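Trainee: Could we go through this structure together? I would like to begin with the overall picture.

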Amino acid sequence: MARAAAALIAFLALAAAACGGSSGGSSGSGGGTLSGASTDPVTSTSKADFSALMKGLAVGRHAGYDRVTFTFDNFLPGYVISYIEPPIKEDGSGKPVNIAGSDYVQVLMQPASGFDLNSGECVIVYKGPKRISGADAGTSVVKDVVRTGDFEAVLTWTIGLADKAAYKVQTLESPPRLVIDFDSG
């Protein structure tokens with residue numbers, strides 16, 4: 001039943017994104033104050049032939065939730081957002097990565113990269129930090145946001161949380177953004 005619900009949510013998220021709308025969290029409800037939040041995986045697919053280019057990352061605290069926003073230069077990639085178990089390893093190398101927090105949400109985006117390889121030369125598009133501390137961002141639930149991979153058109157960031165929190169996913173346009181809100185209520 002949960003798998004069928006997740007598939008339906010993925011389809012609805014893709015349809016909403018294609019129509020310029022947003023994709024919300026999946027089935028299940030969080031016990032906090034963020035309406036529509038869940039701890040279930042959220043997915044969307046992309047049919048793009050080349051990588052979405054990540055150009056920005058923002059982390060901040062809002063009333064009732066902490067927000068992580070990935071901004072893209074050209075379009076949104078497909079994504080899988082879900083809780084994962086440690087140890088956290090870097091894509092490609094397999095090296096362990098230390099991330100603050102006790103629970104972890106992986107944001108796997110495909111096809112996506114912080115580097116533009118389409119120009120014949122590797123052009124760095126994302127020039128921001130590979131790690132943003134929740135303490136530096138002033139967040140309460142989000143403890144760490146770390147790039148754990150940018151390998152073969154798969155861009156992976158892992159978010160360390162103080163505790164398991166329900167989250168809500170949405171997409172925005174102009175510029176294309178993938179937004180994840182973590183319930184802090």
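Mentor: Of the 185 residues in the protein chain, 43% are buried (under 20% relative accessible area, 1.4 Å probe, protein chains only). Please note that this is a predicted model, in which local features need pLDDT of at least 70, side-chain atom pairs count only at pLDDT 80 or more, and totals for chains, interfaces and linings use all residues. Residues are numbered from 1 along each chain as its sequence is written, and side-chain values use heavy atoms, with hydrogens and water left out.

Trainee: How many helices and strands are there?

Mentor: The protein chain has 2 helices and 13 strands; these are DSSP runs, helices being H or I with at least four residues and strands E with at least two, numbered from the N terminus.

Trainee: Which residues touch the most other members of the largest nonpolar core?

Mentor: They are Leu57, Phe70, Met109, Ile159 and Phe182, in a core of 30 residues. A nonpolar core is a set of buried Ala, Val, Leu, Ile, Met, Phe, Trp, Tyr and Cys residues joined through side-chain atoms within 4.5 Å. Strand 2 (52-62) and strand 13 (177-183) are among the elements giving two or more residues to this core.

Trainee: What does Phe182 touch?

Mentor: Its contacts (heavy atoms within 4.5 Å) include Leu34, Val105, Ile159 and Tyr167, not counting residues up to four places away in sequence.

Trainee: Now the sheet: what is the order of the open sheet of 5 strands?

Mentor: The order is 6-2-3-13-12, with mixed pairing; two strands pair if DSSP finds at least two bridges between them. Strand 6 (112-113) and strand 12 are the edge strands, each pairing on one side only.

Trainee: In what sense do strand 12 and strand 13 pair?

Mentor: They pair in the antiparallel sense over 6 bridges, and glutamine 170 stands opposite valine 179 in strand 13.

Notes: Buried means under 20% relative accessible area, exposed over 50%, partly exposed in between (1.4 Å probe, protein chains only).
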